[in-house]
Structure formats: C-alpha cells, structure tokens
Amino acid sequence: MSSAEHAPAGPDKRPIRLFRNLWSKIAAIPMILVSVGIFVGGTIWTIVYSFTDSGLLPRLNWVGLEQYERLWSTRRWLVSIENLAVFGIASLILTFALGFLLAALLDRKIRFEDTFRTILLYPFALSFIVTGLVWQWILNPEFGVQSIVRGLGFESFTFDPLYDSSKVMIGLLIAGLWQGTGLIMVILLAGLRGIDEDIWKASRVDGIPAWKTYVVIIIPMLKPVFITALVLVTSGIVKLYDLVVAMTSGGPGISSEVPAKFVYDTLFTRQNLGQGFAASTMMLVTVAIILIPWALLQFRGKKND
Amino acid sequence: MTDTATLTGPTGPRPKKALSPRNIMLYGTLIVVSLYYLLPLYVMIVTSLKGMPEIRLGNIFSPPVEVTFQPWVKAWAEACTGINCDGLSRGFWNSVRILIPSVLVSVSIASITGYVLSMWRFKGSEIFFAILLLGAFIPYQVLLYPVVIVLRELGLYGSLTGLVVVHTIFGMPINVLLFRNYFVTLPEELFKAARVDGAGFWRIFVFIILPMSLPIFVVSMIIQVTGIWNDFLFGVVYTRPENYPMTVQLNNIVNSVQGVQEYNVNMAATLLTGLVPLTVYFFSGKLFVRGIAAGAVKG
C-alpha cells in the first residue's frame with residue numbers, strides 16, 4: 001500500500017524505475033510466471049524433448065526426427081488424425097449451419113425467446129463426460145433408439161453407431177452437436193443483435209426477402225464474428241478427449257481414437273514419453289496452422305482501422 | 001368531431017395474426033428443436049427413476065410405471081469404483097474440495113492481473129498479456145507433462161493443492177481477458193482522482209474497483225465453477241484416485257467392465273454430476289451467456 005506512487009515526488013527523490021508502483025509489479029508475477037514459465041517454457045520443453053528417446057522418464061538423448069517417423073507410421077495415430085479430421089469438418093459445418101439457423105430464428109423478435117435460448121444452451125453447461133454417457137445410453141442398441149424403432153415394426157432397422165466401427169464417429173458427432181450448437185447459436189445471436197436495425201428496414205423497403213438479406217447482407221457483415229467463433233470452435237475440437245473417453249473409450253477397437261487421447265495414453269499409461277511429446281507437438285502444429293492466418297488477419301485488420 | 005376520431009384511431013403497425021404460416025413454421029421449428037434438446041435430460045430423469053426389470057422390458061422414453069428412488073441412493077452411496085463402494089458421494093465431496101479453493105484463488109488472481117493490465121500498465125505488461133492469450137490456444141496435451149514436472153518439483157503432484165494450481169493456471173487467459181476488458185471501461189477520472197488523493201494499488205482495488213465490478217466477478221465465477229466442475233482431463237492427470245473429482249469417478253462407475261450394468265444407477269449418477277453446473281446455469285441466466293460472449297466475441 002505504501003510503496004504505490006503518490007503525488008509527483010521531487011526530482012531528487014524519484015525512485016528507480018523498476019520499483020515504481022512496486023505492488024503492480026508484484027501482482028503481475030502470476031501472469032509472468034504462467035505466460036512465460038508455463039505456456040512458453042512448457043511448450044518449448046515439450047518440443048525439445050520430442051526430439052529425444054525419452055521413455056519412462058524424460059532424458060536428453062537426441063534421436064532427431066525418429067519419434068516423428070515412428071509416430072507417422074503408427075496406425076493408431078493415423079486413425080486418430082483421420083477421425084479428428086472427419087469429426088472436425090463435419091461438426092464445424094453442422095454446428096455453424098444449425099447454430100446460425102437457430103440464431104436467425106431467435107432473432108425474429110419471437111415470444112419466449114429466453115425460454116428457447118435457455119433450452120438450446122443448457123447442454124453446453126454439462127461436461128463432455130455427462131454428455132457422452134447420456135448419449136451412450138440413448139444409442140444403446142439393446143434399449144435405445146434402435147430397439148424402439150424395431151419395436152414399432154421395423155425389424156431390420158439398424159442404428160448402433162457406437163458398436164459399428166464405420167459409424168462410430170457419427171455417434172460422437174450426434175453427442176458433440178447436442179452439446180456445442182447452443183454456444184455457436186449464442187455467439188452468432190450476439191452478432192446479429194449488433195446489426196443496425198436500419199439495414200433490415202432498408203432491405204424491407206427494397207422488397208428483398210429475408211433469407212436473401214441474410215445470405216447477401218447479414219452473413220458478410222458477420223464475418224468477424226464467424227471467424228472468431230470458427231477459431232474458438234476449431235481449437236476446442238482439437239482438444240476433443242473427454243467425450244470419446246466417456247462414449248467409446250476409443251472403440252470399437254481403435255476406430256474412434258483421437259489425437260488428444262493418443263497423447264494421454266502414450267504419456268501416462270504406455271509411458272512412452274518421446275512418442276507422446278511428438279504427438280502433442282503435432283497437435284500444436286495443427287492449432288498453429290489454424291491460428292496464424294487468423295492472427296495475421298486480426299493484425300492487418302487493426303492496422304487498416 | 002370527425003377530426004379527433006381519425007386522430008385517436010388505431011396507430012402503429014397493423015397487428016400480425018398469431019397463426020400466420022410464418023409463425024407456425026418459426027415456432028414449430030423451435031419447438032421441435034427444443035424437444036430434441038430436452039430429450040436427453042428427460043431420458044436421464046425417467047431412466048433414473050425406474051427399476052432394472054422395467055428398463056429391460058420397456059423403452060427408454062416411456063415414463064416410469066413404478067417410481068423408485070433406489071437408483072439415486074445407490075449411485076450416491078453404494079456404487080463401486082474399483083474396490084471402493086461408497087458411491088459417488090466421495091467424488092462429489094472431492095469436487096467440492098477442489099472447486100471452492102480453485103474458484104477463489106483463480107478469480108482473485110485473474111481479477112488482480114486484469115486490474116494491473118488496465119490501470120497499472122508497465123513496460124512489457126502488454127507482451128505478457130499477449131502471450132497469456134495465445135496460451136489459451138495451446139492444446140493442453142502439450143503442457144500436461146511440463147506441468148507434472150513443475151508440480152512434482154513443488155511437491156504438489158497428486159494433491160488437491162496441485163489441482164488448484166492447475167485450474168488457476170489454465171483459467172487465467174479467459175478470466176484475465178474478461179476482467180481487463182471490463183476494467184478498461186471504468187471511468188479513468190475516478191482512478192486518477194483516487195491517486196491524487198493518495199490511494200495506492202490495493203486501496204483503489206478494494207474500495208473503488210471492487211464495488212463497481214460485482215457483475216463481472218459473478219460472470220468469472222460462473223465460468224470457473226462450471227469449467228472446474230466439468231473438468232475431466234486435469235483431474236485424471238494430476239490427482240490420485242482417492243482425490244478423483246466427480247466427473248472422473250462417474251466415468252469409472254459407468255464405464256467399468258465388471259459386473260452387470262445398472263443403467264438406472266448410471267443415469268442417476270450422471271444426473272447427479274450434471275446437477276451442479278445445471279443449477280448454476282439455470283440460476284445465472286443472462287450472466288452465463290455474458291460469460292460466453294465475453295470470451296468469444298471479444299477474444
């Protein structure tokens with residue numbers, strides 16, 4: 001309290017720069033430790049050790065790119081990457097399509113907007129574990145959707161995605177969409193609310209139908225919101241882990257493995273640290289590929305302002 | 001007379017018919033979608049209130065013929081994970097013991113950091129902030145092991161304190177951003193006046209900033225409570241089995257291979273785990289949405 005800067009001190013009493021506002025610097029220590037010590041330091045550490053042959057314990061015995069070569073010839077990793085790509089692209093397209101549709105519906109000055117929004121967003125408050133377990137139960141072939149449809153007389157109806165390795169990603173997708181669409185809806189709705197009422201009036205005066213106004217005028221105006229939401233969702237998808245653990249544990253076989261699970265299993269159950277570090281570095285590269293164009297875009301946009 | 005009649009006639013736009021085709025489409029779609037969204041919650045509830053014989057015979061959507069609370073009792077007090085058969089209550093209390101200190105510590109540190117970044121900037125503070133924000137995009141998997149090492153060095157690996165540290169670290173980017181963005185909107189004159197009057201770093205924070213920022217503290221706490229309660233990965237990695245949070249224990253109960261699956265107990269356990277974030281969600285209403293928007297639109 002006492003070391004904070006008071007009214008301007010005389011020139012001879014001026015303290016050293018570093019100690020001015022000492023408390024503010026002490027208060028910034030956690031941020032400095034976390035940003036430099038954990039985020040930067042930890043990332044560099046992992047990357048460095050991905051070039052070693054660390055097994056049970058980390059050690060600096062260089063092996064060059066060997067871990068990466070081994071990683072990319074591991075079938076389980078290749079399946080993980082493919083699953084993530086399929087899940088990622090499908091869920092991006094569907095969450096954005098559904099999220100925007102719902103946001104547009106809620107933006108039509110409807111009654112009970114709060115009620116609808118509350119219902120559509122509540123799954124987002126639940127954990128992926130809870131989400132995964134509920135949908136595992138609903139998709140249970142013996143008791144769930146399949147058995148009910150069969151009970152209605154369609155004896156040969158088959159829908160057991162969690163037990164069919166070619167369809168298991170569909171099962172995960174159903175649960176993922178249920179949990180995540182509300183978030184996109186809310187973000188896009190906030191964007192829609194920011195659009196000037198006059199634009200709607202102008203388009204109505206010109207006799208442009210609502211859907212066309214959305215496609216031609218509104219969506220292009222919402223581009224920054226879309227891009228930010230896209231970056232957010234994509235970096236979330238890369239982390240996909242809990243949902244898989246709860247719903248399928250990577251099964252049947254290895255057909256629903258994902259990179260985040262590969263890393264966890266390699267680090268902590270198979271204790272092959274080098275492989276785990278290489279795999280997590282690849283995840284970081286994936287995020288960087290998505291993030292860097294966005295960061296550049298933001299930066300350029302700010303300059304133009 | 002006629003003049004006033006025309007003047008006091010109905011004004012404003014022509015009222016719309018309630019049952020226009022447009023409205024039927026609009027509300028119809030929303031109601032169908034809402035029902036779909038509510039379905040899993042409904043299934044959880046009805047399944048958790050049925051006995052196992054009824055589940056084997058009936059379908060998952062039908063309401064219970066005979067309501068029983070036995071699955072809830074069993075899920076809470078008797079369900080087994082490994083050799084422990086004291087139910088989900090253990091995980092619940094672990095989660096509470098993790099949640100309270102984690103939320104308090106992480107919100108305090110994030111708010112003070114946001115305060116520094118908005119009113120006490122120093123050379124380099126913005127650079128650290130930029131790094132912190134970029135850190136939000138690093139996949140956790142990259143940092144899992146380095147954090148294990150840090151915790152082990154500190155002697156905190158496996159303990160609840162260690163998990164509090166982890167939640168504080170990973171909650172920082174979003175919450176610091178939230179506080180900083182809020183604090184910069186506060187009138188600067190107030191801050192300047194306080195400094196002229198001789199108030200220092202902590203006095204200004206406690207007596208001027210805090211009273212003006214209660215909503216943003218609530219938003220931050222909502223983010224942290226739901227985030228920490230729902231966490232699975234950090235719980236698995238950084239705690240010992242006796243300290244496992246509720247989500248981890250729930251997954252172990254439901255997905256354990258031994259024994260006969262008791263779906264009603266599973267669903268009761270799942271509901272119990274979801275109850276805390278759901279309560280927070282339903283009571284916080286718009287503030288929850290604001291937390292999301294703060295993280296998303298400004299990020």
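A residue counts as partly exposed when its relative accessible area lies between the buried class, under 20%, and the exposed class, over 50%. Keep that in mind for the exercises below, which work through a predicted model.

**Exercise 1. Find out whether A:Ser249 is buried, exposed or partly exposed, and describe its backbone.**

Step 1. Begin with the location: A:Ser249 sits in the loop between α12 and α13 of chain A.

Step 2. Now look at the backbone. The phi angle of A:Ser249 is near 50 degrees, which is positive in a residue other than glycine.

Step 3. Finally, apply the cut-offs. The relative accessible area of A:Ser249 is 43%, so this serine is partly exposed.

**Exercise 2. Do the same for A:Gln271.**

Step 1. A:Gln271 belongs to the loop between α13 and α14 (273-304) of chain A.

Step 2. Although A:Gln271 is not a glycine, its phi is positive, about 50 degrees.

Step 3. With a relative accessibility of 40%, A:Gln271 counts as partly exposed.

**Exercise 3. Which residues does the cis peptide bond join, and where is the proline found?**

Step 1. Check omega: for the bond that joins A:Gly251 and A:Pro252 it is about -5 degrees, and this peptide bond is cis.

Step 2. Place the proline: A:Pro252 is in the loop between α12 (242-247) and α13 (259-269) of chain A.

**Exercise 4. Describe the interface of chain A and chain B, from its area to its polar links.**

Step 1. Count the residues. Chain A brings 87 residues to the contact, and chain B brings 87 residues.

Step 2. Turn to the area. About 8,100 Å² is buried between the two chains, and carbon and sulfur atoms give 79% of that. On the side of chain A, the residues that lose the most area to chain B are A:Met31, A:Phe39 and A:Trp137, which together make up 10% of what that side buries.

Step 3. Look for charged links. The rule finds 1 salt bridge across this interface. Its partners are the side chains of B:Lys286 and A:Asp114, at 3.8 Å from N to O.

Step 4. Add the polar contacts: 12 residue pairs are counted between chain A and chain B, both residues being at pLDDT 80 or more. Helix α2 (residues 29-49) of chain A gives the most to the side of chain A that touches chain B, with 13 residues.

Step 5. Sort that side of chain A by class. The residues that touch chain B divide into 62 nonpolar, 17 polar and 8 charged.

**Exercise 5. Work out how domain 1 of chain B and domain 2 of chain B meet.**

Step 1. Set the bounds. The assignment for chain B gives domain 1 as 17-68 and domain 2 as 89-296. Their centres, taken over C-alpha atoms, are 34 Å apart.

Step 2. Describe the contact. Here 10 residues of domain 1 touch 10 residues of domain 2. The two domains bury about 720 Å² between them, with 82% of it on carbon and sulfur atoms. In domain 1, B:Met44, B:Ser48 and B:Met52 lose the most area to domain 2, together 59% of what that side buries.

Step 3. Check the polar links. The rule finds 0 salt bridges between these domains, and 1 residue pair in polar contact, both at pLDDT 80 or more.

Step 4. Assign the elements. On the domain 1 side, α2 (21-48) and α3 (52-57) of chain B each give two or more residues. Of these, α2(B) gives the most, with 5 residues.

Step 5. Finish with the classes: the side of domain 1 that touches domain 2 has 5 nonpolar, 3 polar and 2 charged residues.

Definitions and conventions
Residues numbered from 1 in each chain as written. Chains lettered and ligands numbered in written order. Predicted model: local features only at pLDDT ≥ 70, side-chain atom pairs only at ≥ 80, totals over all residues. Heavy atoms only, no water. Contact = heavy atoms within 4.5 Å. Buried area = accessible area lost by both parts, 1.4 Å probe. Salt bridge = Lys/Arg side-chain N within 4 Å of Asp/Glu carboxyl O. Polar contact = N/O pair within 3.5 Å; in protein donor to acceptor, adjacent residues only side chain to side chain. Helix = DSSP H or I, 4+ residues; strand = E, 2+ residues; numbered from the N terminus. Nonpolar A, V, L, I, M, F, W, Y, C, P; charged D, E, K, R; others polar. Buried < 20%, exposed > 50% of the residue type's maximum accessible area, 1.4 Å probe, protein only. Domains from an automatic or database assignment.
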